[in-house]
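Dear colleague,

I am passing on the structure that we talked about, and a short account of what was found in it follows below. Please read the account with the structure open.

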Amino acid sequence: MELDSALEAPSREESSLSGELSPSALGQAFSKILHSLTRPEARRGNGKVVALKDLGDLIEATECDRLFEGSGARLRGMPETLGQVAKAVEKYAAPRKEEEGGGDGHSEVAEKAAKVGLLFLKLLGKVETAKNSLVGPAWQTGLHHLAGPVYIFAITHSLEQPWTTPRSREVAREVLTLLLQVTECSSVAGFLRGENEDEKGSLSVILGLLKPDLNKESWKNNPAIKHVFSWTLQQVTRPWLSQHLERVLPASLLISDDYQTENKILGVHCLHHIVLNVPAADLLQYNRAQVLYHAVFNHLYTPEHHLIQAVLLCLLDLFPILEKTLHWKGDGARPTTHCDEVLQLILTHMEPEHRLLLRRTYARNLPAFVKRLGILTVRHLKRLERVIIGYLEVYDGPEEEARLKILETLKLLMQHTWPRVSCRLVVLLKALLKLICDVARDPNLTPESVKSALLQEATDCLILLDHCSQGRVKGLLAKIPQSCEDRKVVNCIRKVQQVSEGAPYDGT
């Protein structure tokens, strides 16, 4: 593409250097490049490649005062035109829809990104020069239009993704570093929210640019959009996030409401960040918290351990917000809560579950639910008893994470519901003694440190069980040391007896 044909210059010789172009011709040159970058082209066409080269030459040859300041109607629109060009260039380097990509497509995207990154470095270099030479807000106006597309490009290609290479990530990170330097921001968070209280950050602009690609019909056309949105959201915390709630909540719900587990997890992480960083009053307004709860709760029916882990952590932080509206007047049974509903479903899934990763995930989060409900855990005592006994019987691998967490759950359960424990003495005592014997005689390659932790936790549970039953455990265990030959088992029994008799014990 020849730039000369687009310019109204007196002669070809005068138009050879863009620094000699009139304001009108300079605007026309950028407009023609913008048209070349945005128009559809044949699959093997090279029009955009040529336009990109011409753009780099034009930026390099044009003085910064010509880019950001001057007179005339066309030049007054130069910052906006530059912003549109930057947006088109960012779209040019964006990855394509997943099914259209593949190995070759990803390598092509990385090559484009490296070239575009170098172009953005030139453009930001011009802004840096303009800061030191121009008086007035001209360069700031230009930077306002450029910052959004440049940021989206930098985040798209700086994260480790299938469409990036070490080279494209390096260039993108250089672009992000220079962008922060030009905008005088110490961090990405400062760039998004504003470095000072009276300074407006760029998050509104970024969300505005992402919005057309974050709707139900188009959000999968660019596989980077969800990652850019998620990463950007994670950088903004309270109190700044609440003012953007209307824009970030729908997009987070959209990403989480997908059939792909990867997207579900990403969306739940976004929703969890919102829960942690938006005031409860804002989430309760317009029933947002209920909408969020039902969206996350439904994922509990998907048997994928990474997703379940993300969902349970999100729900545990959401419960205090949902329960702010519940008030018990003391004249009857306390109303059931969302925590009760979730725990009931978890226990339903835990009983028949045989997949170790899911068993560990459920067990890992069970103590937090017992702590949350406290004495109200008695509502679930029968089912908890079955789950605890069932999980204590099954070997969980060298780390024994599930059994350790189940023992922690049992300790909390006895502490919170001790009046109801004595009637379950025999069942729990048998389960704990069986566990101690199994661990003491374990022929597997379980590390000694893990065995010791299991025996310690089981001993603590026996001591608590003895306290809850007014010393009955001590009597039932009295004859075991005389007939048992296993030293580890005898040591556990003696520790229980010593504590029951009033001797100090560090384990409780």
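Which residues of α2 are buried? They are K48, A51, L52, D54, L55, G56, L58 and I59, where buried means under 20% relative accessible area with a 1.4 Å probe, counting protein chains only. Please note that this is a predicted model, in which local features need pLDDT of at least 70 and side-chain atom pairs count only at pLDDT 80 or more, while totals for chains, interfaces and linings use all residues. Residues are numbered from 1 along each chain as its sequence is written, and side-chain values use heavy atoms, with hydrogens and water left out.

The protein has 25 helices and 0 strands, these being DSSP runs numbered from the N terminus (helices: H or I, at least four residues; strands: E, at least two). Of its 508 residues, 52% count as buried.

Helix α5 covers residues 78–93, and because its 16 residues should span 22 Å at 1.5 Å a residue, the 23 Å between its end C-alpha atoms agrees; the expected span is 1.5 Å times one less than the number of residues. In α5, 12 of the 16 residues are buried, so the helix is largely enclosed by the rest of the structure; among them are L82, V85 and V89.

Turning to empty space, the lining of the largest cavity consists of L381, E385, I388, L410, L413, M414, V421, R424 and L428, a cavity being a set of points on a 1 Å grid over the protein atoms alone where a 1.4 Å probe fits but cannot get out, with lining residues having an atom within 4 Å of a point. The elements that give two or more residues to this lining are α19 (381–392) and α20 (401–416).

With best wishes

How values were computed
Buried < 20%, exposed > 50% of the residue type's maximum accessible area, 1.4 Å probe, protein only. 1 Å grid on protein atoms, 1.4 Å probe; cavity = no way out; pocket = protein on both sides within 12 Å on 5 of 7 lines; lining within 4 Å.
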